[in-house]
Protein chains: 2
Amino acid sequence: MAGGKAGNSKSTKGKEKEVKKETKLGLSVKKDDNFGEWYSEVVVNGEMIEYYDISGCYILRPWTMSIWEVMQAFFDAEIKKMNIKNCYFPLFVSPGVLQREKDHIEGFAPEVAWVTKSGNSDLDVPIAIRPTSETVMYPYYSKWIRGHRDLPLKLNQWCNVVRWEFSNPTPFIRRVYEEFLAVPVIKGKKSELEKFAGGLYTTSVEAFIPNSGRGIQGATSHCLGQNFAKMFEINFEDDKGEKAMVWQNSWAYSTRTMGVMVMVHGDDKGLVLPPKVVALQIIVIPVPYKDANTQAILDTCAATVNTLCAAGFRAEADLRDNYSPGWKYSHWEMKGVPLRLEIGPKDLEKKQVRAVRRDNFAKTDIAIDGLGEKVKEMLDDIQQSLFDTAKLKRDACVVVAKTWGEFAEALGQKKLILAPWCDEEEVEKDVKARTKGDMGAAKSLCSPFDQPELPEDTLCFASGKPAKKWTYWGRSY
Amino acid sequence: MAGGKAGNSKSTKGKEKEVKKETKLGLSVKKDDNFGEWYSEVVVNGEMIEYYDISGCYILRPWTMSIWEVMQAFFDAEIKKMNIKNCYFPLFVSPGVLQREKDHIEGFAPEVAWVTKSGNSDLDVPIAIRPTSETVMYPYYSKWIRGHRDLPLKLNQWCNVVRWEFSNPTPFIRRVYEEFLAVPVIKGKKSELEKFAGGLYTTSVEAFIPNSGRGIQGATSHCLGQNFAKMFEINFEDDKGEKAMVWQNSWAYSTRTMGVMVMVHGDDKGLVLPPKVVALQIIVIPVPYKDANTQAILDTCAATVNTLCAAGFRAEADLRDNYSPGWKYSHWEMKGVPLRLEIGPKDLEKKQVRAVRRDNFAKTDIAIDGLGEKVKEMLDDIQQSLFDTAKLKRDACVVVAKTWGEFAEALGQKKLILAPWCDEEEVEKDVKARTKGDMGAAKSLCSPFDQPELPEDTLCFASGKPAKKWTYWGRSY
């Protein structure tokens with residue numbers, strides 16, 4: 001079973017009965033001490049990813065794919081209800097199409113990968129790998145859309161896009177989805193500087209990682225206006241027989257959402273995964289003693305798993321006889337399984353199991369009778385607690401800054417800064433320039449839809465001009 | 001709605017009530033007259049694909065994606081039952097890894113796409129786009145597999161691979177899956193010349209397209225033996241503590257299966273799609289007359305769709321008032337919807353609908369009362385009939401050839417040739433050389449598992465040496 005072994009597990013040296021007392025399962029750094037290294041280690045040791053021999057590429061292992069499949073299935077069903085249909089466009093874009101929208105391509109140009117050879121032969125014209133999907137799709141929208149009855153044209157595609165990253169790419173980080181991952185986000189509008197290149201405006205949900213003091217774009221939605229329609233000649237005849245130009249929007253979220261989830265919930269023992277998305281919600285572990293009836297314990301473990309699976313939970317027992325219970329605890333804690341059930345001789349006697357929560361390590365004895373209901377309650381509570389805890393931590397990072405001094409101090413403390421702003425592009429450029437440094441410059445994250453009251457004479461924290469709105473600022477991924 | 005318009009539909013000129021008497025919905029060539037052109041036209045006019053501005057690339061439109069999603073969901077669930085887990089490996093391969101297995105890469109080298117630039121900068125080392133998945137995955141198998149408990153490692157990935165095709169690439173054609181597509185296939189073993197490069201042996205299912213007289217590999221499964229394990233150092237410690245090397249297999253099928261389905265079932269009116277996979281099984285069309293109660297007809301159409309959907313069918317009504325019933329018949333015939341229900345004033349009166357089958361155009365009046373059961377029967381019958389008809393046509397193409405003369409004659413008639421063979425690689429090369437021509441050379445398709453009796457003194461059709469087995473031969477895609 002591909003998902004059933006530790007990232008660092010060593011060969012078992014052929015001794016079937018050898019019980020390991022020590023393992024190398026742990027993490028070598030603490031989340032609070034070196035967040036970047038902690039993250040790199042936890043995603044590998046938790047068997048979510050494997051780094052790859054090409055920089056910026058990584059392998060999504062089954063433990064990750066199963067989470068992505070839950071999120072994708074949910075999202076796919078939701079958009080199908082809205083009559084959005086799936087399609088699939090090629091991986092390649094010809095240069096002419098890619099360069100049609102100048103502002104847009106400027107935003108991506110240095111990151112575009114170009115195919116110039118097939119086998120040993122040079123291609124007549126180099127071909128780009130899609131850095132984004134809009135330019136690939138829109139020439140065909142122009143072809144397919146003729147009259148007003150062809151509208152709205154609502155298409156989705158699940159695909160990979162390629163942008164070359166140059167400095168220390170971090171797996172997963174950029175777009176997030178809230179409901180399943182228990183990650184609190186702020187809904188708002190991006191600034192002119194930070195909007196999607198070539199679009200009219202961009203809205204987003206923004207997450208925040210307290211440990212690194214960085215915001216992350218959770219998912220984006222772009223109102224493209226008629227700009228792309230103009231460049232790609234996506235016209236139609238309206239119901240009066242007159243020529244008109246379509247309005248467009250586009251939106252995306254990606255596997256990187258899972259990186260945010262890991263960063264927000266993980267701890268020094270490894271991954272902490274929300275019950276709603278994890279491949280395995282409950283791990284059942286036998287705790288035999290010398291004189292105990294081992295077979296009865298193993299049988300009870302297997303029966304417990306059957307009961308839980310029949311009730312719709314995702315449960316497994318770890319019955320391997322060459323690992324100690326302690327090793328197994330560490331292993332499944334590293335992998336972030338939300339709930340562990342231990343069954344030993346005493347539990348057998350009392351017709352109970354011992355439940356241990358991954359999020360807070362709380363231990364409870366639960367009667368086997370009525371186990372399903374109790375487990376459901378606990379998983380629901382874990383899901384909610386993860387969100388609540390994350391929100392408390394996030395909220396504790398928010399600082400209101402009305403002056404440059406307050407802003408600079410809060411930035412130094414890695415805070416998520418809410419500041420009154422004049423909403424001028426030049427001022428944001430200036431903020432970036434003034435905050436340049438090793439950790440990266442500050443930028444606007446979003447202007448929340450839910451705006452606090454802004455007294456009339458409030459001034460911009462950066463320019464001293466009259467403020468137009470409250471905006472979140474900070475460093476970001 | 002993206003799926004709801006014809007590939008060739010023109011603008012409606014803003015006249016809401018205009019009823020079209022003529023359309024350009026038809027195909028300009030007949031399947032029997034020019035099969036290649038017929039195919040190119042039917043996949044575009046049936047809105048399955050759109051050709052793309054890069055040769056060999058094409059767009060999978062929603063009508064295709066919905067079929068693929070049915071097949072993928074079925075297959076994904078089946079392999080999950082076998083505890084095969086999904087993963088995702090990067091699109092890119094470094095040259096060292098790609099070239100590790102020499103025989104293997106030789107089979108693909110001229111078709112490999114190479115990325116040499118990001119933005120305007122040359123990469124230090126060119127990077128390949130995966131032409132196949134084995135070489136991408138196996139270096140990591142070497143890392144993940146340590147002891148015998150790590151075996152079997154069973155991973156699947158849904159992904160795109162890139163191989164540059166040089167001459168008239170035909171969309172979809174190569175690997176097929178039988179159950180849903182109603183396409184008869186022959187199970188067998190590939191010859192040494194035709195096996196997967198670098199593997200031990202390959203088995204396949206082979207379909208045959210009577211119109212073009214060509215075989216198509218429906219899906220392949222490769223026993224890789226220990227060759228890749230050796231090249232990629234995928235070793236483990238067995239249960240006796242000794243070093244051993246893994247045995248591997250790999251298998252694949254792809255979206256190209258759908259091309260075979262189109263070729264086999266399609267006719268001069270367009271696509272003919274099997275009920276099990278098609279996005280829309282039943283189209284309900286109102287047939288109003290001047291004096292009839294149009295609203296009552298429309299209401300009955302809507303009610304019929306509701307009844308059918310509630311019973312689990314995929315049904316829709318085409319209530320558009322700017323197209324005539326005849327136009328709609330042609331439109332949905334082109335798209336291959338298995339069953340059409342027409343509802344006019346007389347049907348309303350008699351509490352019936354008129355059912356018209358796409359596969360054979362048989363017309364039946366069905367009472368509204370008990371419609372669901374009758375529709376189920378008809379769809380089941382259509383699914384079975386498609387398979388039976390395809391099998392009859394395929395079987396009618398099979399010719400047994402015992403001598404070169406018989407073989408050459410049958411090949412000239414575009415047959416699927418079953419011939420006794422000595423199973424020698426040089427002889428197959430010779431057959432290829434002797435049959436070279438405009439239509440392409442003949443090659444072995446597979447040696448069927450279900451072998452007819454082979455009398456002891458039977459000689460090879462090509463070499464005159466003693467025959468070892470019966471093998472299917474023909475031209476192929």
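Leaving aside residues up to four places away in sequence, which residues does A:K190 touch? In this predicted model, the list runs to A:K195, A:T202, A:S204, A:E206, A:Q217 and A:L445.

## A lysine tucked away in chain A

Let's stay with that lysine for a moment. A:K190 sits in the loop of chain A that runs between β8 (186-189) and β9 (201-209). Is A:K190 buried or exposed? Its relative accessibility is 8%, and the cut-off for buried is under 20%, so A:K190 counts as buried.

The side chain of A:K190 also has a polar partner on a backbone: one of its polar atoms lies 2.8 Å from the backbone oxygen of A:L445. A:L445 is also one of the residues that A:K190 touches.

## Chain A as a whole

Stepping back, chain A has 477 residues, and 54% of them count as buried. Its secondary structure adds up to 14 helices and 22 strands. If you boxed up the C-alpha atoms of chain A along the principal axes, you'd need roughly 85 × 55 × 50 Å.

How do the contacts spread along the sequence? Take the contacts in chain A between residues at least 6 apart in sequence: 69% of these join residues at least 24 apart.

## Two helices that cross

Now for a pair of helices in chain A. In general, two packed helices are described by the angle between their axes and the distance between the axes. Here the pair is α1 (residues 35-45) and α8 (residues 257-265) of chain A, whose axes come within 11 Å and cross at roughly 115°. The crossing of α1(A) and α8(A) is right-handed.

Which residues of α1(A) and α8(A) meet? On the α1(A) side they are A:F35, A:W38, A:Y39, A:V42 and A:V43, and on the α8(A) side A:G259, A:V262 and A:M263. Sorted by class, the contact between α1(A) and α8(A) has seven nonpolar residues, one polar residue and no charged ones.

## Backbone oddities

A few spots are worth a look if you like backbone geometry. The peptide bond joining A:L151 and A:P152 is cis, with omega at about -10°. A:P152 belongs to the loop between α5 (134-144) and β7 (155-156) of chain A. In chain B, the bond from B:L151 to B:P152 is cis too, with omega near -10°, and B:P152 is placed in the loop between α5 (134-144) and β7 (155-156) of that chain.

Then there are residues with positive phi that aren't glycine. A:D423 has a phi of about 65° and is found in the loop between β20 (416-421) and α14 (425-434) of chain A. At 29% relative accessibility, A:D423 counts as partly exposed. Over in chain B, phi of B:E233 is near 55°. B:E233 lies in the loop between α7 (227-231) and β11 (235-237) of chain B, and with a relative accessible area of 53% it is exposed.

## A buried glutamate in chain B

B:E47 is in the loop between α1 (35-45) and β1 (49-51) of chain B. With a relative accessible area of 2%, B:E47 is buried. Which side chain does the side chain of B:E47 make a polar contact with? That partner is the side chain of B:K335, at 2.5 Å.

## Where the chains meet

How do the two copies relate? A turn of 180° with a shift of 0.0 Å along the axis lays chain B on chain A with an RMSD of 0.0 Å. The two copies are therefore related as by a two-fold rotation axis. In chain B, the C-alpha nearest that axis belongs to B:V115, 2.1 Å away from it. Both copies use the same surface: 100% of the contact residues of chain B recur in chain A.

For a close-up of contacts across the chains, try B:E69, which sits in helix α2 (residues 62-81) of chain B. Setting aside its neighbours within four places in sequence, B:E69 is in contact with A:K80 and A:N86. The side chains of B:E69 and A:K80 are joined by a polar contact of 2.7 Å, and the side chain of B:E69 makes another with that of A:N86, at 2.8 Å. Within its own chain, B:E69 is 210 residues from B:A279 in sequence, yet their C-alpha atoms are 9.5 Å apart in space.

How values were computed: Residues numbered from 1 in each chain as written. Chains lettered and ligands numbered in written order. Predicted model: local features only at pLDDT ≥ 70, side-chain atom pairs only at ≥ 80, totals over all residues. Heavy atoms only, no water. Least-squares fit on C-alpha atoms with pLDDT ≥ 70 in both. Contact = heavy atoms within 4.5 Å. Helix = DSSP H or I, 4+ residues; strand = E, 2+ residues; numbered from the N terminus. Buried < 20%, exposed > 50% of the residue type's maximum accessible area, 1.4 Å probe, protein only. Polar contact = N/O pair within 3.5 Å; in protein donor to acceptor, adjacent residues only side chain to side chain. Axes fitted to C-alpha atoms, helices over the stretch in contact; angles between N-to-C directions. Left-handed = near helix turned anticlockwise from the far one by under 90°. Nonpolar A, V, L, I, M, F, W, Y, C, P; charged D, E, K, R; others polar.
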